[in-house]
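Open the model in your viewer and keep the selection panel at hand. We will walk through it stop by stop, with something to select each time.

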Amino acid sequence: MGEVIVITSGKGGVGKTTTTANLGTGLASLGKKVVLVDTDIGLRNLDVVMGLENRIVYDLIDVVEGRCRLKQALIKDKRLENLYLLPANQTRDKTAVSRQQMIDLTSQLREEFEFVLIDCPAGIEMGFKNAIAGAEKALVVTTPEVAAVRDADRIIGLLEAAEMEPPRLIINRLRPEMVRKGDMMDIEDMLEILAIDLIGVVPEDQYIVISTNRGEPAILDKHSRAGQAYRNISRRLLGEEIPFINWEAGSFMSRIKKLMGLG
Amino acid sequence: MLEFLLRFFGRDTASSKKVAKERLRLVLVHDRAGVSPHLLESLKNDLIKVISEYLDIDTDGLEVSLTHENDAVALVANIPVLRVKRTFKSIQEPAFKV
Amino acid sequence: MLSSNEGETSAGISQGAIPFGTRAQPGKDNQTFLVCRTVRSGQVIKYPGNVVVMGDVHPGGEVVATGHVIIMGTLKGVVHAGAEGNEKAVVLAFHLQPTQLRIASYIGRAPDDGDNTGTGGPEMARVQDDTVVIEKYQPGNEKRWLTQS
């Protein structure tokens, strides 16, 4: 029986889809059988980030409405043997699928796969409720910005109300140099405010833009520091104890400043 | 010159991070009070029901909201009264006898 | 003007999908639907006959026809010609760079190496020897395959 994990954030544009693509690729490269489910019906993106958009024939709606079998709609990743994608439909909207249908779908998927990662749409309406319906675990993605943290807090409240396991936090797009200057909230600030467990911190990385352009998750690149962070999160999802990279630990220069008593 | 040096070494007087954190804290106190518009609406309807037993009120002009002052939450209702009823409804008999 | 009635077109946009046209008689071939706009992501044009798009088909947009599909612009979305099994249907576009191209039950997709630019000129896709082939469009040759729809 596999685990169903929903990746959510409330606010849009904080990196849910990128996170889903990278963690799915990470878990699959660690040998797990993984399926990614895009529940952002009407605004699908996961297929593009994975570079699989030209293979879509059937989608999630076709499955729940019985136009095809589940196996027919699953798209095999072009790089990893044991990674699959169930794409969202682009022409309908969130009301096209019901909570019960999502519960049925995820329970079918968890028999086949070790990890079912659900990419949740932004917002707290129907799409969100459907996305979390079949999941027992949740990862909340936020960025160190007031609006994103506020929405994350709202989402955490809703997840708790839905009686799921306590969600874990991913802080995305942290800019260590800004944190050092005191111009960005640091990890401690956010953990204090949100009061949930941290599973990883992903630094801002230009390589994410490049990898999205190419349709290849950044985790596959050894030089990407975001990729490194995602590799660590993947292993933590498997229960391994991986020490956190101290992104805030400052460069050589800032350490000198500290020595001088100025930093 | 000193100011320049401090700025150069990244020690701004009021760091925007602190501002962000303070603002968030305030906003979240509000959010976590957790009163949904739906709950306020049904509270409003119940208020109208009770008050109109005693007063004629302008139900369209009625406003109910929660405010926060110094970390305390207060329920503020603004109820325009049209006229005071002269006769009150008699209190209902209990539906069953003891 | 060959355009189909406007009401149907605009109603279709708001729905995201255009229902099979009321003007076409079921079972009657050679009905053509003229679309005078860009087909954007999430929009689907479905028609029991041929479809001509005077504009582009963006990524995420879809054109489904039981007959031929002609795009007077750039095709970057998904096109399904001969959707009810007609293997003689063709897809023609000024710039043929589809995400995916389907004719009857055959599916072709863009190559993974990103080289999807083609010859730069008008191109035509049709089924030959059980695969979708794309070739440069040669005016005058169409008689060979356009006769049947």
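Which residues in helix 1 of chain A meet helix 11 of chain A? Select A:Asn22, A:Leu23, A:Gly26 and A:Leu27 on the helix 1 side. Then add A:Tyr230, A:Arg231, A:Ile233, A:Ser234 and A:Leu237, their partners in helix 11 of chain A. By class, this contact has five nonpolar, three polar and one charged residue. Bear in mind as you look that this is a predicted model.

**The two helices as a pair**

Now show residues 16-29 and residues 225-237 of chain A as cartoons; these are helix 1 and helix 11. Two packed helices are described by the angle between their axes and the distance between the axes. Here the axes come within 9 Å and cross at roughly 65°. The crossing of helix 1 and helix 11 of chain A is right-handed.

**The annotated binding site**

Next, select A:Lys11, A:Gly12, A:Gly13, A:Val14, A:Gly15, A:Lys16, A:Thr17 and A:Thr18, which an unreviewed UniProt entry lists as "binding site". Two of these residues make a good pair to inspect.

Is A:Gly13 buried or exposed? A:Gly13 counts as exposed because it has 11 C-beta neighbours inside 10 Å, and the cut-off for exposed is 12 or fewer. You will find A:Gly13 in the loop between strand 1 (3-8) and helix 1 of chain A.

Move on to A:Thr18, which sits in helix 1 of chain A. With 27 C-beta neighbours inside 10 Å, A:Thr18 counts as buried. Leaving out residues up to four places away in sequence, A:Thr18 touches A:Val49, A:Ile208 and A:Thr212.

**The annotated domain and a second helix pair**

Select residues 3-158 of chain A, which UniProt lists as "domain: AAA" in an unreviewed entry. Over this range the chain is 40% helix and 18% strand. Put a distance label on the end C-alpha atoms of the range, and you should find them 20 Å apart.

From there, go to helix 7 (residues 146-161) and helix 9 (residues 187-194) of chain A, which pack at an angle of about 35° with their axes 10 Å apart. Their crossing is right-handed. Helix 7 of chain A contributes A:Val149, A:Ala152, A:Asp153 and A:Ile156 to the contact, and helix 9 of chain A contributes A:Met190, A:Ile193 and A:Leu194. The residues of this contact divide into six nonpolar, no polar and one charged.

**Across to chain C**

How many residues of chain A are in contact with chain C? Eight residues of chain A contact twelve residues of chain C. The chain A side has one nonpolar, four polar and three charged residues.

Within chain C, select C:Gly49, in the loop between strand 3 (44-47) and strand 4 (50-53). C:Gly49 is buried, with 20 other C-beta atoms within 10 Å. Add C:Leu101, which is 52 residues from C:Gly49 in sequence and 17 Å from it in space, C-alpha to C-alpha.

**Last stop: chain B**

Colour chain B by pLDDT. Its average is 71, and 57% of the residues score at least 70. Confidence in chain B is lowest in helix 1 (residues 2-8), at a mean of 52, and highest in strand 1 (residues 55-57), at 84. Where pLDDT is low, the predicted coordinates should not be read in detail.

Chain B has three helices and four strands, in the order α-α-α-β-β-β-β along the sequence. Of its 98 residues, 1% count as buried.

Key. Residues numbered from 1 in each chain as written. Chains lettered and ligands numbered in written order. Predicted model: local features only at pLDDT ≥ 70, side-chain atom pairs only at ≥ 80, totals over all residues. UniProt positions renumbered as here; feature names shortened; annotations may be inferred. Axes fitted to C-alpha atoms, helices over the stretch in contact; angles between N-to-C directions. Left-handed = near helix turned anticlockwise from the far one by under 90°. Contact = placed C-beta atoms within 7 Å. Nonpolar A, V, L, I, M, F, W, Y, C, P; charged D, E, K, R; others polar. pLDDT = per-residue confidence, 0-100.
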